[in-house]
Amino acid sequence: MNPIRFVSADEAVSHIPSHCHVHLSSVASVPHCLIQALCRRADAGDVTGLHFHHFHTEGAAPYSDPHYEGIFFEQGFFVGPNVRKSVNEGYADYLPVHLGESQKLYREGYIPLGAALVNVSLPDEQGRVSLGTSVDCSVAAIESAKLVIGVVNPNVPFAYGDLIPLDRFDYLVSDDTPLVTADFAEPTPTEVLIGRNAAALVDDGDCIQMGIGALPNALAAQLRGHKHLGLHTEMFADGLLRLIKAGVIDGSNKAIDTGKVVASFLLGSQEVYSFIDHNPGVLMRDIKYVNDPFIIRQNPRMKAINAATEVDLTGQISADSIGMRIWSGTGGQLEFVRGASMSEGGKSITCFPTRTKYGGSKIVPQLHDGAGVVTPRADAHWIVTEYGSVDLYGKSLQERAKLLIGIAHPDDREMLDRAAFGRFGPHWHNFSI
């Protein structure tokens with residue numbers, strides 16, 4: 001390993017060879033100064049054939065731009081809005097993987113990682129830095145890469161959990177670019193109804209997992225009257241932070257990491273990032289730990305709350321795509337679904353509005369051509385829309401269809417009933433639950 005020293009971003013990336021697999025720390029904490037330096041190398045004709053891997057990233061993503069075709073190639077583990085167009089046009093690509101297993105791709109050499117580029121906090125007294133808001137699979141990347149470059153940024157919060165000694169870095173770069181923040185829209189009346197229906201499935205003392213956005217914020221708002229909730233989740237944002245600060249989430253009933261909030265990456269306001277800074281009540285952990293179903297299951301009454309792009313009448317849940325168009329990724333949905341299902345008293349809950357913004361039904365006779373099944377029908381449990389909630393677990397195909405039609409948009413129920421008749425035959429209308 002080279003002696004640790006601070007260098008410029010341009011010098012640091014000059015040591016990355018062509019035809020190399022490169023990991024980026026992700027979400028709000030992308031090392032943009034190193035990406036810009038790599039663009040300068042590419043523009044000078046000094047590097048080619050770089051493959052980029054990461055969770056979804058916020059901000060500019062030149063590594064997916066057609067301008068760099070043949071020089072950079074994006075192969076992310078989750079597709080965000082900044083690369084979605086390039087992925088669906090073929091200039092970039094998506095690597096399907098459960099997020100909890102993304103670290104395995106590095107640690108076991110499925111991706112021969114040449115370089116890891118990560119944002120880190122200022123060091124503590126023991127010479128350790130935190131990965132702040134983006135631990136995810138970056139710990140594995142640092143362990144596995146031939147070259148490790150850390151960007152020391154005072155805006156990266158020092159979060160407890162998995163810490164990295166400074167001597168693990170080959171080069172350090174100084175930068176003070178603020179982390180990307182995100183403000184989420186206030187929930188619509190439909191989302192408020194969904195949040196209310198989902199909250200009715202959560203009891204005092206449960207441990208919860210949910211994502212970010214208007215719908216999770218709507219659910220969080222409906223949980224304000226709950227007590228002693230725990231939080232073990234891939235990520236959280238401002239809606240859940242309000243519950244933590246209000247004392248609704250205190251982790252007192254958790255069987256592991258009791259009293260602690262556990263997450264792996266974050267995207268939200270500056271208030272969220274400041275909250276985790278030097279906060280012993282928050283553990284930002286390796287995705288291997290956070291998303292492991294056998295870890296998740298150890299907290300009793302785990303409630304995994306996730307979203308869907310569409311659900312068919314048999315309970316197959318698509319969440320990563322709209323037909324053949326990749327929208328996001330597999331994420332950790334199935335890992336939390338299975339962890340919650342194995343948890344004593346746990347439940348898996350899938351929430352979505354019944355209609356797309358274009359007026360199409362999200363409960364469909366069959367998934368659209370090319371749509372990915374993120375949660376198989378055998379793993380589908382509670383399904384929640386603005387019209388109610390139904391439990392599919394232990395139900396037959398015809399029972400599931402009846403239940404799902406009952407929480408579909410009223411204007412779509414006749415269409416779905418006709419489709420069920422076509423699928424199940426003339427005895428369908430004689431079938432009752």
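What percentage of the 433 residues in the chain do buried residues make up? The share is 58%. Keep in mind from the start that this is a predicted model.

**Stop 1: the whole chain**

Show the whole chain as a cartoon. You should find 14 helices and 22 strands. Turn the view along the principal axes: the C-alpha atoms fill a box of roughly 75 × 50 × 35 Å. The radius of gyration is 22 Å, and this agrees with a compact globule, because such a globule with 433 residues would have a value near 22 Å.

Next, switch on the contacts. Take those between residues at least 6 apart in sequence; 70% of them join residues at least 24 apart. Then show the surface. The chain exposes about 17000 Å², and carbon and sulfur atoms supply 51% of that area.

**Stop 2: the largest cavity**

Now look inside. How many cavities of 30 Å³ or more does the structure hold? There are two. Select V30, H32, N119, T177 and P178, which are the closest to the centre of the largest cavity among the 14 residues that line it. The volume of this largest cavity is about 70 Å³. Its lining has eight nonpolar residues, five polar ones and one charged one.

**Stop 3: the second largest cavity**

Select M210, G211, I212, G213, P216, N217, A220, A237, G239 and L240 to show the lining of the second largest cavity. About 40 Å³ of space lies there. Colour α7 (214–222) and α8 (238–245), since each supplies at least two residues of this lining. Which helix gives the most to the lining? It is α7, with three residues. By class, the lining of the second largest cavity divides into six nonpolar, four polar and no charged residues.

**Stop 4: the second largest pocket**

Move to the second largest pocket, which holds about 230 Å³ of space. Select G100, E101, N291, P293 and E335; of the 13 lining residues, these are the closest to the centre of the pocket. Then colour α4 (99–107), α10 (287–290) and α12 (333–342), the elements that give two or more residues to the lining. The largest share comes from α4, with four residues. What classes do the lining residues of this pocket divide into? Three are nonpolar, four are polar and six are charged.

**Stop 5: two residues with positive phi**

Start with H228, in the loop between α7 and β11 (230–232). H228 is not a glycine, yet its phi is positive, at about 55 degrees. Is H228 buried or partly exposed? Its relative accessible area is 40%, and the partly exposed class lies between 20% and 50%, so H228 is partly exposed.

Finish at D257, which is found in the loop between α8 and β12 (261–263). Phi of D257 is near 50 degrees, again a positive value in a residue other than glycine. Is D257 buried or exposed? D257 has 19% relative accessibility, and buried means under 20%, so D257 counts as buried. Select H228 and D257 together to view the partly exposed residue and the buried one in one picture.

Definitions and conventions: Residues numbered from 1 in each chain as written. Predicted model: local features only at pLDDT ≥ 70, side-chain atom pairs only at ≥ 80, totals over all residues. Heavy atoms only, no water. 1 Å grid on protein atoms, 1.4 Å probe; cavity = no way out; pocket = protein on both sides within 12 Å on 5 of 7 lines; lining within 4 Å. Points joined across faces, edges and corners; volume = space filled by probe spheres on them. Nonpolar A, V, L, I, M, F, W, Y, C, P; charged D, E, K, R; others polar. Rg over C-alpha atoms; globule rule 2.2 N^0.38 Å. Buried < 20%, exposed > 50% of the residue type's maximum accessible area, 1.4 Å probe, protein only. Contact = heavy atoms within 4.5 Å. Areas by Shrake-Rupley, 256 points an atom, 1.4 Å probe, with all protein chains shown as cover.
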